[in-house]
Amino acid sequence: MAEFLRRNSLFLSAFVLLAISFQLMSASVRNPELPAVGARLGNSFFGPVEKLHSESASGLGDMWKNYLWLVNTKKSQKDLHLQIKGLQKKNSELVEFQHENRRLRSMLGFTKQIENPGVPANVIARDPSNWLKTLRIDKGKSDKILEGSPVVDGHAIVGLATAVSKNTARIQLLSDPNSAIDAVVQRTRAPGVVEGNGRDTLSLRYVEKSQDVKIGDRVVASGLDQMYPKG
């Protein structure tokens, strides 16, 4: 008997289901309210399951949208940071160009007042020591720079070329302890000598006590040393 049931289980199952279906159809014909009751029972059983599935699917959809939004926001933030860095770099370059433009304009106005218009140059190095005040420029003998040539920046004296190669020159700054310039007080023409002290300031020395010199007076090169432009 068990062997028979095992061999014909599929056929018997189909027969049972078919019989149940006929019974349900017959009961529905006799009692029209039965399908509605079955529908309500089905809704009661399957409704929560379907609602849970729908909410889960909706929740997963919202999570996916939020994830994509966060990814896009992070990418946009990274792009904005790159743009900010690029703008900061451009702004720094523009500031440098502005300073250089002002310096060159000042030098151009200055060179119109002297016989030798000079050669524009850029600083490429500075002396790292604390006791020497020198720097190196990107012009040399090939640009007609000679040892002893004065170096100016606009209307201010910078120093003197002390060592010149083909394409570079070492400049001794006014602030170097070994630097000295014959000068006069512009207001009263009181003579003196401007010397470097190794710091960022200069000293006006060898001025007679009887001379009228006040704080705030402008000191200019006298031109008597034949090295720096007068004034």
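Let's start with one residue: Arg187 is partly exposed, with a relative accessible area of 43%. Keep that arginine in mind, as we'll come back to its partners below. What you're looking at is a predicted model. Its protein chain has 231 residues, and 18% of them count as buried. Along the way you'll meet a sheet, a nonpolar core, some salt bridges and a surface patch.

**The overall layout**

- The protein chain holds 3 helices and 9 strands.
- If you walk along the sequence, the pattern you meet is α-α-α-β-β-β-β-β-β-β-β-β.

**The five-stranded sheet**

- Five of the strands make an open sheet in the order S1-S2-S5-S4-S3, and the pairing is antiparallel.
- At the edges sit strand S1 (123–126) and strand S3 (150–153), each of which pairs on one side only.
- The strands don't line up perfectly: neighbours in this sheet are turned by 35 degrees against each other on average, if you ignore direction.

**Strand S5 and its two neighbours**

- On one side, strand S5 (residues 169–173) pairs with strand S4 (residues 156–164) in the antiparallel sense, over 5 bridges.
- Those two strands, S4 and S5, also form a hairpin, with 4 residues between them.
- Want to find the pairing in the 3D view? Look for Gly159, which stands opposite Leu173 in S5, and then for Ala163, which stands opposite Arg170 in S5.
- Strand S2 (residues 134–137) is joined to S5 by 4 bridges, and these two strands run antiparallel as well.
- Here the pair to look for is Leu135, which stands opposite Ile171 in S5.
- How much of S5 is covered? Most of it, as 4 of its 5 residues are buried.

**The nonpolar core**

- The largest nonpolar core has 9 residues: Leu135, Ile137, Ile145, Val151, Ala161, Val164, Ala169, Ile171 and Leu173.
- Strands S2, S4 and S5 each chip in at least two residues of this core.
- Which strand gives the largest share of the core? That's S5, with 3 residues.
- You've already met some of these residues in the sheet: Leu135 and Ile171, which belong to the core, are the two that stand opposite each other across S2 and S5.

**Salt bridges**

- Side chains of opposite charge can pair when their charged atoms come close.
- This structure holds 4 salt bridges.
- One of them links Asp217 and Arg187, whose side chains meet at 2.9 Å, N to O.
- Why does this pair tie together parts that are 30 residues apart in sequence? Because Asp217 lies in the loop between strand S8 (202–205) and strand S9 (219–221), while Arg187 lies in the loop between strand S6 (180–185) and strand S7 (191–196).
- Arg187 and Asp217 aren't on their own either: together with Asp212, they are linked in a network of salt bridges.
- Another salt bridge joins the side chains of Glu195 and Arg205, at 3.1 Å from N to O.
- Glu195 lies in strand S7 and Arg205 in strand S8, so this pair ties together parts that are 10 residues apart in sequence.
- Buried or exposed? Glu195 counts as buried, at 18% relative accessibility, whereas Arg205 counts as partly exposed, at 41%.
- Asp138 forms a salt bridge with Lys139, and the closest N and O atoms of that pair are 3.6 Å apart.
- In this pair, Asp138 is partly exposed, with a relative accessible area of 26%, while Lys139 counts as buried, at 18% relative accessibility.

**A nonpolar patch on the surface**

- Not every nonpolar residue is tucked into the core: Leu204, Val213 and Val219 form a nonpolar patch on the surface.
- Together, these three residues have about 200 Å² of accessible area.
- Leu204 lies in strand S8, and this leucine is partly exposed, with a relative accessible area of 32%.
- Strand S8 therefore turns up in two of our topics: Leu204 of the patch lies in it, and so does Arg205, the salt-bridge partner of Glu195.

How values were computed:
Residues are numbered from 1 along each chain as its sequence is written. This is a predicted model: local features need pLDDT of at least 70, side-chain atom pairs count only at pLDDT 80 or more; totals for chains, interfaces and linings use all residues. Side-chain values use heavy atoms; hydrogens and water are left out. Two strands pair if DSSP finds at least two bridges between them. Axes are lines fitted to C-alpha atoms, for helices over the stretch in contact, and angles run from 0 to 180 degrees between N-to-C directions. Buried means under 20% relative accessible area, exposed over 50%, partly exposed in between (1.4 Å probe, protein chains only). Patches are made of residues with over 30% relative accessible area and no salt bridge: like charges are joined within 9 Å, nonpolar side chains (Val, Leu, Ile, Met, Phe, Trp, Tyr) within 5 Å. Accessible areas come from the Shrake-Rupley method with a 1.4 Å probe; for residues, only the protein chains shown count as cover. A nonpolar core is a set of buried Ala, Val, Leu, Ile, Met, Phe, Trp, Tyr and Cys residues joined through side-chain atoms within 4.5 Å.
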